[in-house]
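Work through the following exercises with the sequence and the structure open side by side. Each task is followed by a solution that proceeds step by step.

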Amino acid sequence: MTARQRLWFFAIAAAGLVACLLWAFTGLPGFGNYPGPYGQEILRQAVAQTHATGVVSAINFEYRGFDTVGEEFILFTAAAGMSVVLRRLRKERQTEPVDEAKTRTIPATSSAVRIAALLLVGPTAVLGWWLASHAQTSPSGGFQGGVILASAFILIYLAGEFLTFRRLSPVALLDAVEAAGAGGFVAIGLAAIAMNLPFLDNYLPLGQYPGAISSSGTIALISFFVGIEVAAAFTAIIGELLEQTLLRSA
Amino acid sequence: MISAGLMNTLQVTVLVLVAAGATVVVRTRSRIRQVLALSVYGMLLAILFLVFQAPDVTLSELTVGAIALPIILLLAIAKVRKREQ
Amino acid sequence: MDQLYALSVTVPLVAAAALLATRPLFARHRRVLDLVAAGVSAAVAVMLGFLVFRTSGADSTYWFAGFRPSGGIVIGIDFEAGPLSAGLACLGAVLMTASMVFSWRYFPRAGGYFHVLMLTFLAGMTGFCLTGDVFDLFVWFELMGVSAYALTAYRPEERGPIQGALNFAITNSVGAYLSLTGIALIYGRTGALNMAQIAAYVSHHPPSGLIVIAFLLIITGLLVKGAIVPFHFWLADAHAVAPTPVCVLFSGVMVELGLYGIARMYWSVFGTGLGHRAAISHLFLALGLLTAVVGALFCFRERHVKRLLAFSTISHAGMFLAGFALLTPLGLAGAALYVTGHAFVKAALFLAVGIVLHRLRSVNETWLHGRGRRLPVTGVIFTVAAFGLADLPPFGTFLGKGWIEDSAAAPWLTAIFIACGVLVGGAVLRVAGGVFYGLGDPPGEDPQMAAEANEETGETDEGRQRTPLSMLIPAAALAALGLAAGVAAMAPKIAAGIEAAAARFQDQPAYIATVLTSAHVTRVAPPYPVAPADVTVGSVVTALCSVLGAAALALAALYWRRLPLLRRGYEPGAGLTVPIRRFQSGIINDYITWLVAGVATLGGVLALVIR
Amino acid sequence: MGIVPFLVVAWIIVAGLYGIVTSRDLIHTIVCLIVVQSSTYVLLLGVGYVTGGAAPYFWDIPVGTRAVDPVVQALALTDVVVEAAVTALLLAFAVQAQKRFGTLDPSQLAEFKG
């Protein structure tokens with residue numbers, strides 16, 4: 001097909017798709033009139049049942065925790081897949097990593113940026129940690145916290161310390177941390193099986209009252225492991241591309 | 001408490017902005033500009049999710065859609081561009 | 001005992017994480033990785049085999065984190081297994097084990113990532129088969145997808161794998177997102193994600209546009225995975241370039257999982273609600289037969305052996321879909337048996353091709369002509385499996401196809417099935433005869449062929465002087481299993497069991513009751529009317545004629561220069577299929593256009609049928 | 001209001017698909033795929049919205065307050081992770097494609113034809 005033919009063909013097809021979608025939308029109850037019953041049932045039970053005041057986290061890490069297992073492994077697999085796809089490039093080069101960040105001529109290495117970035121590393125890491133450990137109470141959780149933790153590593157790079165970045169995140173160690181995060185999550189679930197409970201059953205004490213830091217049993221623990229997994233996976237993904245970007249062929 | 005009418009207007013405004021944002025992202029053919037557009041689009045989505053009362057998703061969309069993905073894209077573009085030169 | 005449900009998915013996941021973490025420790029001892037990966041796959045196969053056995057009387061459910069439904073409302077995620085779903089997952093695990101053993105000597109530099117990706121792939125397949133929740137289905141579909149994309153590009157130093165992986169990933173992702181749109185739509189109407197709960201809702205409401213389109217969008221991603229025309233283009237690109245042990249899984253189960261998903265969506269969720277059985281049956285039958293014919297035509301004209309096998313998978317996928325489309329227990333039972341028999345022989349064929357690639361560094365049929373005589377054992381395996389693919393009695397393929405034909409009881413369907421069988425069988429037998437026995441005229445000077453011949457750098461880099469037993473045994477075992485599947489299914493008791501399982505799969509009220517009311521109480525299978533599925537003399541004669549036709553076609557193709565009639569149609573580059581070749585353009589933009597057009601067309605047809 | 005959010009969903013899907021179909025650059029294709037997927041978040045959160053409902057967090061509001069559907073939010077979160085993972089992997093493919101083919105124009109990537 002030429003580009004023009006394709007565009008016409010697509011225009012007709014897309015009109016059909018839009019017609020289908022509009023037809024479907026007429027069957028929805030209308031914006032703002034969610035009919036239930038799934039969400040309402042959860043809203044009714046969740047806080048009392050899990051002692052988590054953040055109901056979304058309760059769903060992600062308990063009611064539909066099994067989805068999250070799959071989700072974490074999607075991220076895990078994507079990071080492993082990137083290592084596979086990009087590994088040959090690394091091998092082809094046969095050169096030691098060059099710290100290009102130090103020799104860049106663009107003003108990114110100006111000391112102002114450097115200082116600002118380094119100053120941000122600490123707070124960013126703390127913020128990530130805080131988010132990852134407050135899944136049960138606030139609109140946050142392992143995922144968001146993990147991504148922010150990973151961005152602390154990017155800040156290290158922005159500060160011009162690529163070699164530091166490499167030292168902080170050698171591939172093998174990152175892989176191990178990632179595996180510990182994802183594997184730890186599943187292990188929490190498997191521990192339930194060892195106690196002859198269903199997989200991912202919340203077997204830990206729920207804490208005295210909803211909303212306490214120590215409340216919600218396995219939810220907080222799972223969120224913690226998810227945070228580790230996500231932080232490692234994103235760091236690996238970014239590191240993989242950084243290496244690709246920075247290494248120059250000899 | 002925001003009145004229902006104001007909320008409605010706010011939602012429609014953000015929705016229209018999101019639709020426009022998606023169009024701009026798709027129509028932008030220059031790589032770097034498209035990434036910038038994507039980042040802004042991610043921001044708009046995050047705002048939309050906030051008005052949809054979904055702070056959890058807002059935070060994810062901000063960290064991923066508006067920050068992490070653009071960074072990953074920029075790195076990939078830098079990589080590709082270096083070779084194209 | 002019920003914990004097997006959770007273990008069959010989580011054990012490979014934990015193993016994948018453990019292998020990734022400990023990978024550097026085994027840099028010198030790769031066998032450890034190989035053994036762990038193969039052992040875990042085998043263990044999963046055993047667990048799932050046990051589930052098949054256990055659910056042979058009645059389906060059962062498993063509720064994650066113990067959230068049982070109350071009052072018809074489901075708040076957790078469940079796994080629901082019957083013999084067909086657990087059986088398909090088990091098939092995947094068996095093929096995975098064979099692939100793992102095969103790759104012991106195949107990837108000397110695998111470095112562990114291969115094992116990790118294969119194990120996550122296995123977990124994705126198992127979860128996809130067993131889940132009873134539509135969003136959970138999407139999650140495992142994506143896990144399976146991401147693993148598969150990465151495995152396709154396992155040799156990123158070549159061009160083919162990268163392009164194949166890109167086309168595969170983009171097409172499947174678009175399909176998956178449309179599926180998710182459908183899931184969101186059905187959730188917006190029913191407020192439920194559990195299949196049984198959705199089914200309970202839609203079967204008590206008249207079919208609205210939303211339900212029809214939600215069904216259509218959800219199956220779009222599955223049609224892409226199942227390689228149904230016009231959603232099929234990515235398949236040949238991806239299968240031709242993925243490492244051979246991975247192709248085994250792609251062709252043997254991944255495509256079939258897509259079709260299984262469609263059957264699941266229809267029978268467990270939407271069937272009763274949609275109504276209009278006859279029209280829907282005809283729609284899927286038309287799609288299936290079109291796919292079967294297109295796949296067979298492309299298959300016959302192909303010279304790249306892995307791509308040829310990939311097109312044959314498309315053709316077979318069409319026939320499987322046709323079996324499901326009959327909407328009868330016998331048709332579905334036939335499709336299930338056909339899938340099983342096909343998976344074994346197709347896997348054996350791919351592994352044999354892997355051995356050829358290992359030893360001779362090429363998969364170009366023309367270049368390989370006669371050179372396969374150095375590999376007599378591989379030749380025998382390939383030939384036996386090729387006859388299996390051509391539906392020779394008593395292979396599982398013969399019986400499965402026969403049941404579908406019996407169930408349809410329509411001469412035109414039988415005719416199309418035979419035509420496709422002859423074309424596909426002719427193609428693989430042509431390869432067998434030409435490559436391994438040097439039959440046919442030696443290939444002339446074909447400049448294009450010379451250029452292509454040694455393009456494959458091969459997937460292995462160990463000594464190529466002999467074929468390791470760890471490659472031959474899995475290939476031979478799979479071919480034997482293909483035969484065994486057919487022989488076993490000839491036993492009336494087993495045949496009746498498969499049909500009863502198919503009938504149970506189609507029993508929507510029973511499915512809803514199993515999931516929503518009594519979670520752990522097993523249900524006694526109702527006495528389904530089981531149609532007789534005896535092997536008749538007639539069916540054997542028909543099948544033998546089909547195989548003979550395939551063999552004759554293969555010979556004609558090998559000696560085409562001596563047959564003036566064939567010269568014009570068969571000359572390379574000027575074949576009968578030139579007009580349809582243009583569609584397989586390799587350009588992702590075209591593939592997505594076709595996908596949208598396919599959705600729009602199906603939506604239009606469904607709208608006309610169900611207003 | 002009624003159907004406006006859903007019209008926006010349809011618009012985003014078609015815009016993204018249009019971008020993929022007309023794309024001359026694989027990185028552009030991948031970004032358009034992100035746009036297609038973003039439609040699913042809007043749809044999910046749109047169908048779960050309850051007029052006047054609060055966010056489903058009961059830290060400072062009493063349990064039982066009218067709230068929007070928390071389930072779709074959990075699904076959207078999963079969806080965001082999937083998006084990030086698939087995009088990262090696709091970009092790795094694109095980087096390799098550029099190396100192997102010397103171009104990122106999909107119509108020039110022609111290892112397979114016919």
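The exercises below move from one chain to its contacts, then to the core and to some backbone details.

This is a predicted model, in which local features need pLDDT of at least 70 and side-chain atom pairs count only at pLDDT 80 or more, while totals for chains, interfaces and linings use all residues. Residues are numbered from 1 along each chain as its sequence is written, and chains are lettered from A and ligands numbered from 1 in the order in which they are written.

**Exercise 1. Describe the make-up of chain A and state where its coordinates deserve caution.**

Begin with the secondary structure, taking helices (H or I, at least four residues) and strands (E, at least two) as DSSP runs numbered from the N terminus. On this basis chain A has 10 helices and zero strands.

Next, consider burial, where a residue is buried if 20 or more other C-beta atoms, placed from the backbone, lie within 10 Å of its own, exposed if 12 or fewer, and partly exposed in between. Of the 250 residues in chain A, 56% are buried. Two residues are in contact if their C-beta atoms, placed from the backbone, lie within 7 Å; among the contacts in chain A with a separation of 6 or more, 73% join residues 24 or more positions apart.

Finally, turn to pLDDT, the predictor's confidence in each residue, from 0 to 100. The mean for chain A is 78, with 73% of its residues at 70 or more. Among the elements of this chain, α1(A) has the highest mean pLDDT (94) and helix α5 (residues 100–103) the lowest (50). Over residues 104–108 of chain A pLDDT stays under 50, and the model has three contacts beyond four places in sequence for them. Where pLDDT is low, the predicted coordinates should not be read in detail.

**Exercise 2. Determine the geometry of helix α1 of chain A and what covers its buried residues.**

First compare lengths, the expected span being 1.5 Å times one less than the number of residues. Helix α1 (residues 3–25) of chain A has 23 residues and reaches 32 Å from its first C-alpha to its last, close to the expected 33 Å.

Then identify the buried residues, which include Arg6(A), Phe10(A), Leu17(A) and Phe25(A). The cover over the buried residues of α1(A) includes α6, α8 and α25 of chain C, together with α1 (4–22) of chain D.

**Exercise 3. Characterise the contacts that chain A makes with chains C and B.**

For chain C, the contact takes 63 residues from chain C and 59 residues from chain A. The elements giving two or more residues to the chain C side include α1 (3–22), α4 (113–130) and α6 (159–190) of chain C. That side divides into 42 nonpolar, 15 polar and six charged residues, where Ala, Val, Leu, Ile, Met, Phe, Trp, Tyr, Cys and Pro count as nonpolar, Asp, Glu, Lys and Arg as charged, and the others, Gly among them, as polar.

For chain B, the contact takes 16 residues from chain A and 14 residues from chain B. On the chain A side, α10(A) gives the largest share, seven residues, and the classes are 11 nonpolar, five polar and no charged residues.

**Exercise 4. Locate the centre of the largest nonpolar core and examine the helix that contributes most to it.**A nonpolar core is a set of buried Ala, Val, Leu, Ile, Met, Phe, Trp, Tyr and Cys residues joined through C-beta atoms within 7 Å. Of the 429 residues in the largest one, Ile72(B), Ala348(C), Leu349(C), Leu89(D) and Phe93(D) touch the most other members. The largest share of this core, 22 residues, comes from helix α13 (residues 329–360) of chain C.

Beyond four places in sequence, Ile72(B) touches Ile237(A), Ile238(A), Leu241(A), Thr87(D), Ala88(D) and Leu91(D).

As for α13(C), 32 of its 32 residues are buried, so this helix is largely enclosed by the rest of the structure. Its end C-alpha atoms are 45 Å apart, in agreement with the 46 Å that its residues should span. Arg359(C) is found in this helix, and counts as buried because 20 other C-beta atoms lie within 10 Å.

**Exercise 5. Find backbone exceptions in chain C and place them.**

Most residues other than glycine have a negative phi, and most peptide bonds are trans. Just after α13(C), Arg361(C) takes a positive phi of about 60 degrees; Arg361(C) counts as partly exposed because it has 18 C-beta neighbours inside 10 Å. Ala409(C), in the loop between α16 and α17 (411–437) of chain C, has a positive phi of about 50 degrees and counts as exposed, with 11 C-beta neighbours inside 10 Å.

For the peptide bonds, the one from Val229(C) to Pro230(C) is cis, with omega near 0 degrees, and Pro230(C) lies in the loop between α8 and α9 (233–239) of chain C. A cis peptide bond also joins Pro393(C) and Pro394(C), the latter lying in the loop between α15 (376–389) and α16 (396–408) of chain C.

Key. Core = buried A, V, L, I, M, F, W, Y, C linked by C-beta atoms within 7 Å.
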